[in-house]
There are 2 protein chains.
Amino acid sequence: MSAARAGDELTLALALDDAALASRVRELLGPVAGIRLVDGAEDADIVLSDGRAAAAAELNLTARERDVLALLAEGASNKVVANRLGISVHTAKFHVRSLLEKLDATGRTDAVAHAARLGVIDL
Amino acid sequence: MSAARAGDELTLALALDDAALASRVRELLGPVAGIRLVDGAEDADIVLSDGRAAAAAELNLTARERDVLALLAEGASNKVVANRLGISVHTAKFHVRSLLEKLDATGRTDAVAHAARLGVIDL
DNA sequence: TCCGGCCCTAGCCGTTCGGGCAGGTGACGG
DNA sequence: CCGTCACCTGCCCGAACGGCTAGGGCCGGA
């Protein structure tokens, strides 16, 4: 999420659920000078998104947190998460705690439900 | 789920996600003699359903289990479930256990994820 | 160079979960 | 009348969870 310097190209990332809408946007904005469309919201100056995707983007989940979240959605315990990711149980709990805060959830079940609602994960 | 006796009316229950499809079926089958369309899959001889709804129907969740499942999707603990439903914590755990078995889940998080996949609950 | 974010590890502690077991009640149908 | 099913309650216990505090290593930007 680096700020764009003046004179630089402005990088735009698309985060749209509607594929048709997304391709229309690409056709319209692709040829525009000074603009570059990129994949992945991480290293873009601006993110073009609809409501749900915007909320998901604002969560600012780290790569590791996404890994953990995906495993939580599979009903994995902290121990399983640790084994699957090759980290200690303590670290697994550490990431889970971060997820609970970012997702404003009271527990792992709530976290998965919130994430699914926001479209962060697909059940 | 009582077996239909010969000479009796055959009761059909519809479990279709597609509303348009459902109304077409009702128009076509409604006037047919010897057939009666009913609501609720419980007391029907045959259930007309598409794939996902069929799986959901075969779970045979009781009313109480649906109540508990909805609360689990909100991240409710056994204690919260008990208070909301006006039952003891023991009974809440009892229903949760049944849900885990029927949904083939290893824990409440897994149960909610499975239920969502089957369309039993809407997140 | 220092600061900040991300990732990792660790212990402690009280609460919650989930499995197992053993019951009791009311309703419905054979 | 008796079997079955849904619903309810209880206790035990090991495992898992979630919150807390307290670190260390790495890398990129200010």
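**Salt bridges, a buried helix face and the surroundings of DNA strand D**

Glu74(A) has a relative accessible area of 46% and is therefore partly exposed. The model in which this residue is described is a predicted one. Over all chains, a search of the whole structure yields six salt bridges. This briefing covers three of the pairs, helix 4 of chain B, the buried Asp110(B), and the protein surface near DNA strand D.

**Salt bridge in chain A**

- Glu74(A) and Arg84(A) form a salt bridge through their side chains, with an N to O distance of 3.3 Å.
- Glu74(A) belongs to the loop between helix 3 (63-72) and helix 4 (78-85) of chain A, while Arg84(A) belongs to helix 4, so the pair ties together parts that are ten residues apart in sequence.
- Arg84(A) has a relative accessibility of 51% and counts as exposed.

**Salt bridges in chain B**

- Side chains of opposite charge can pair when their charged atoms come close.
- In chain B, a salt bridge joins Arg64(B) to Asp67(B), whose closest N and O atoms are 3.3 Å apart.
- Both residues lie in helix 3 (residues 63-72) of chain B, three residues apart, so about one helical turn separates Arg64(B) from Asp67(B).
- Arg64(B) is partly exposed at 32% relative accessible area, and Asp67(B) is partly exposed at 31%.
- Glu65(B) makes a salt bridge with Lys102(B), and the closest N and O atoms are 2.8 Å apart.
- Since Glu65(B) is in helix 3 of chain B and Lys102(B) is in helix 5 (residues 89-102) of chain B, this pair ties together parts that are 37 residues apart in sequence.
- Glu65(B) is buried, with 4% relative accessible area, whereas Lys102(B) is partly exposed, with 31%.

**Helix 4 of chain B**

- The buried residues in helix 4 (residues 78-85) of chain B include Asn78(B), Val81(B), Ala82(B) and Leu85(B).
- Viewed down the axis of helix 4 of chain B, the buried residues fall within an arc of 100 degrees and therefore line one face of the helix.
- Lys79(B), Asn83(B) and Arg84(B) are exposed on the other side of this helix.
- Helix 3, helix 5 and helix 6 (108-118) of chain B are the elements against which the buried residues of helix 4 pack.
- Gly86(B), just after helix 4 of chain B, takes a positive phi of about 70 degrees.

**Asp110(B)**

- Asp110(B) is located in helix 6 of chain B.
- Although buried, Asp110(B) has no salt bridge; Arg117(B), the nearest side chain of opposite charge, is 4.5 Å away.
- A polar atom of the Asp110(B) side chain lies 3.3 Å from the backbone nitrogen of Thr106(B).
- Apart from neighbours within four places in sequence, Asp110(B) is in contact with Ala73(A), Glu74(A) and Gly75(A) of chain A, and with Asp104(B) and Ala105(B) of chain B.

**Surface near DNA strand D**

- DNA strand D is surrounded by 19 residues, of which Arg108(A), Thr62(B), Ser88(B), Thr91(B) and His95(B) are the closest.
- Sugar or phosphate accounts for 68% of the strand D atoms within 4 Å of the protein, and bases for the rest.
- Phosphate oxygens of strand D lie 2.9 Å from a polar backbone atom of Asn78(A) and 3.0 Å from a polar side-chain atom of Arg64(B).
- An N or O atom in the side chain of Lys93(A) is 2.8 Å from a base oxygen of strand D.
- Helix 4 and helix 5 (89-102) of chain A, and helix 3 and helix 5 of chain B, each supply at least two residues of this surface.
- Helix 5 of chain B gives the most, with five residues.

Key: Residues numbered from 1 in each chain as written. Chains lettered and ligands numbered in written order. Predicted model: local features only at pLDDT ≥ 70, side-chain atom pairs only at ≥ 80, totals over all residues. Heavy atoms only, no water. Salt bridge = Lys/Arg side-chain N within 4 Å of Asp/Glu carboxyl O. Helix = DSSP H or I, 4+ residues; strand = E, 2+ residues; numbered from the N terminus. Buried < 20%, exposed > 50% of the residue type's maximum accessible area, 1.4 Å probe, protein only. Arc of directions from axis to C-beta. Contact = heavy atoms within 4.5 Å. Lys, Arg positive; Asp, Glu negative; His and termini not counted. Polar contact = N/O pair within 3.5 Å; in protein donor to acceptor, adjacent residues only side chain to side chain. Near = heavy atom within 4 Å.
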